[in-house]
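Work through the exercises below with the sequence and the 3D structure open beside you. Try each task on your own before you read its solution.

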Amino acid sequence: QVQLVESGGGLVQAGGSLRLSCLTSGLTYNRRIMGWFRQAPGKEREFVAAILWSGNYTDYVDSVKGRFTIDRDKAKNTVYLQMNTLKPEDTAIYYCSSTARRTVPTIRDHMYYDYWGQGTQVTVSS
């Protein structure tokens, strides 16, 4: 069975950094997309970043470009989200996710992601 387990969330002051990790198991198909999404209270789930498992392509929502970096370690079956210069508006539950295929209509739509972790809370204080 597929499992995605996020860790690394917590409370941090504005301007600080956090590194989220997503340990995966049961994902044997390598031509897939790994994504990070976030959801703040009262808001829809929002795309944050994505990476092809091959590492050949990454994508970021404009609000995090230059601050966040997505990466993966194939040997450890882990995807990371390095978050720098955090802002209060980054506060949300962050979810790790994976598609079951490489080709999807849009890489930014959560509807096309098939597997999800339980989420990890990120809180940025001002």
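**Exercise 1. Decide whether Asp59 is buried or exposed, and find out what surrounds this residue.**

Solution. Start with accessibility: Asp59 counts as buried because its relative accessibility is 10%, where buried means under 20% relative accessible area, exposed over 50% and partly exposed in between (1.4 Å probe, protein chains only). Before going on, note that this is a predicted model, in which local features need pLDDT of at least 70 and side-chain atom pairs count only at pLDDT 80 or more, while totals for chains, interfaces and linings use all residues. Residues are numbered from 1 along each chain as its sequence is written, and side-chain values use heavy atoms, with hydrogens and water left out.

Next, place the residue: Asp59 lies in strand β6, residues 58-60, a strand being a DSSP run (E, at least two residues) numbered from the N terminus. Then list the neighbours: leaving aside residues up to four places away in sequence, Asp59 touches Phe47, Val48, Ala49, Ala50, Ile107 and Arg108, contact meaning heavy atoms within 4.5 Å. Finally, look at the side chains, where a polar contact of 2.8 Å joins Asp59 and Arg108; such a contact is a pair of N or O atoms within 3.5 Å, and within protein one must be able to donate a hydrogen and the other to accept it, while residues adjacent in sequence count only if both atoms are side-chain atoms.

**Exercise 2. Work out in what order the four strands of the open sheet are arranged, and which strands stand at its edges.**

Solution. The order is β1-β3-β8-β7, with antiparallel pairing; two strands pair if DSSP finds at least two bridges between them. Strands β1 (3-7) and β7 stand at the edges, and each has a single partner strand, so one side of each is left without a neighbour in the sheet. From one strand to the next, the twist averages 15°.

Now follow β8 (residues 78-83), in which five of the six residues are buried. Strand β3 (residues 18-25) pairs with β8 over six bridges, and strand β7 (residues 68-73) also pairs with β8 over six bridges. To see individual partners, find Gln82 in β8, which is the bridge partner of Arg19 and also stands opposite Thr69. Leu18, in turn, stands opposite Met83 in β8. In the hairpin of β7 and β8, four residues lie between the strands, and Asn77 takes a positive phi near 50°.

**Exercise 3. Find how many disulfides the whole structure holds, and say which strands are tied together.**

Solution. A search of the whole structure finds one disulfide, defined as a pair of cysteine sulfur atoms within 2.5 Å. The link joins Cys22 to Cys96, with an S to S distance of 2.1 Å. Cys22 lies in strand β3 and Cys96 in strand β9 (residues 92-98), so the pair ties together parts that are 74 residues apart in sequence. The link of Cys22 and Cys96 is left-handed, with -80° about the S-S bond, and both cysteines are buried.

**Exercise 4. Explain why Gly26 counts as partly exposed, and locate this residue.**

Solution. Gly26 counts as partly exposed because its relative accessibility is 48%. Gly26 lies in the loop between β3 and β4 (33-39), and touches Gln1 and Val2, not counting residues up to four places away in sequence.

Methods:
Axes fitted to C-alpha atoms, helices over the stretch in contact; angles between N-to-C directions.
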